[in-house]
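User: I should like to go through the assignments in this structure and the criteria behind them. Please set each value against its definition.

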Amino acid sequence: MYGKSMAEIYDLVYRSRGKDFHGEAKLILDIVRSRQPVTESLLDVACGTAEHLSHLRKHVPDVMGVEISPSMLAVARSKLTDVPLHQGDMRDFDLGRGFDAVTCLFSSVAYMRSVDELNVAVGRMSDHLNPGGVIVIDPWWFPENFLDGYIAGDTVRGDSLAVARVARSTREGNATRVEAHYLVADPSGIHHFTDTQSITLFEKKDYLAALEVVGCQAAYLEGALSARGLFVGVRQTPTPEALTD
């Protein structure tokens, strides 16, 4: 879970690394509306600082977000003062209503530690879909694609702020350990903090099975959004026969 230090620089760091929140939001909405042309409501699970949501809301009249980190949620609420943003865990949140689309982006679902947890989280998302609704999941790397020992480094300047980031990703069992060090310079001084994340290397079949078991027609879109691709599920509308069984 990201803390206050990371939340304060999150958007700046990822924009500098080439994250195109506007372009990604447009692509996601195109994917959703190709399957559900009338998309009037959308829930973003693990919405982070709500940067995707701030673009999606321009095209979808009814949007909400769920985020587990209080610090990330505080940034999100400062941007979208008129959008309901809830603190919650993707494994057990319950908003008591359905949506035409549910998104879970930036590999957030891969913070689940096991296939069982993945199934629970996807089940919670599916439970918030209207019949015929669309779920879009942005995965982490698959085991066969992950580069063990990958290193990255970035520097970025903002208003009265400079940030340097170095990171190393290693495999630990069925997960990725991402250790990142940040140096942040601002008028008060130079500060250092470390952020370490564990992200599970689920297989493609795990994501597809998690969607299918909750009654979604599932597909994998290779190369969509990023080299990791996207998973898309459409919640099937019950037939009249099924409703009377």
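User: What is the order of the strands in the open sheet, and how is strand pairing defined?

Analyst: The model is predicted, so local features require pLDDT of at least 70 and side-chain atom pairs count only at pLDDT 80 or more, while totals for chains, interfaces and linings use all residues. Residues are numbered from 1 along each chain as its sequence is written, and side-chain values use heavy atoms, with hydrogens and water left out. The open sheet has 7 strands in the order S3-S2-S1-S4-S5-S11-S10, with mixed pairing. Two strands pair if DSSP finds at least two bridges between them; strands (E, at least two residues) and helices (H or I, at least four) are DSSP runs numbered from the N terminus.

User: What makes a strand an edge strand here, and which strands are they?

Analyst: Strand S3 (85-87) and strand S10 (216-221) are the edge strands, as each pairs on one side only.

User: How do you know that S10 and S11 pair?

Analyst: S10 is joined to strand S11 (residues 230-235) by 6 bridges, and the definition asks for at least two, so the two strands count as paired. They run antiparallel, with leucine 221 opposite leucine 230 in S11.

User: Why is the contact between lysine 79 and aspartate 11 called a salt bridge?

Analyst: The term requires a side-chain nitrogen of Lys or Arg within 4 Å of a carboxyl oxygen of Asp or Glu. The closest N and O atoms of lysine 79 and aspartate 11 are 2.4 Å apart, so the pair qualifies. Lysine 79 lies in helix H4 (residues 70-79) and aspartate 11 in helix H1 (residues 4-16), so the salt bridge ties together parts that are 68 residues apart in sequence.

User: Why is aspartate 11 called buried, and what is lysine 79 called?

Analyst: Buried means under 20% relative accessible area, exposed means over 50%, and partly exposed lies in between (1.4 Å probe, protein chains only). Aspartate 11 has 11% relative accessibility and therefore counts as buried. Lysine 79, at 30%, is partly exposed.

User: What makes lysine 26 and aspartate 30 a salt bridge, and where do they lie?

Analyst: Their closest N and O atoms are 3.3 Å apart, so the criterion is met. Both residues lie in helix H2 (residues 21-35), 4 residues apart, about one turn of the helix. Aspartate 30 is partly exposed, with a relative accessible area of 43%.

User: How many salt bridges does this rule give?

Analyst: The count comes to 18 salt bridges.
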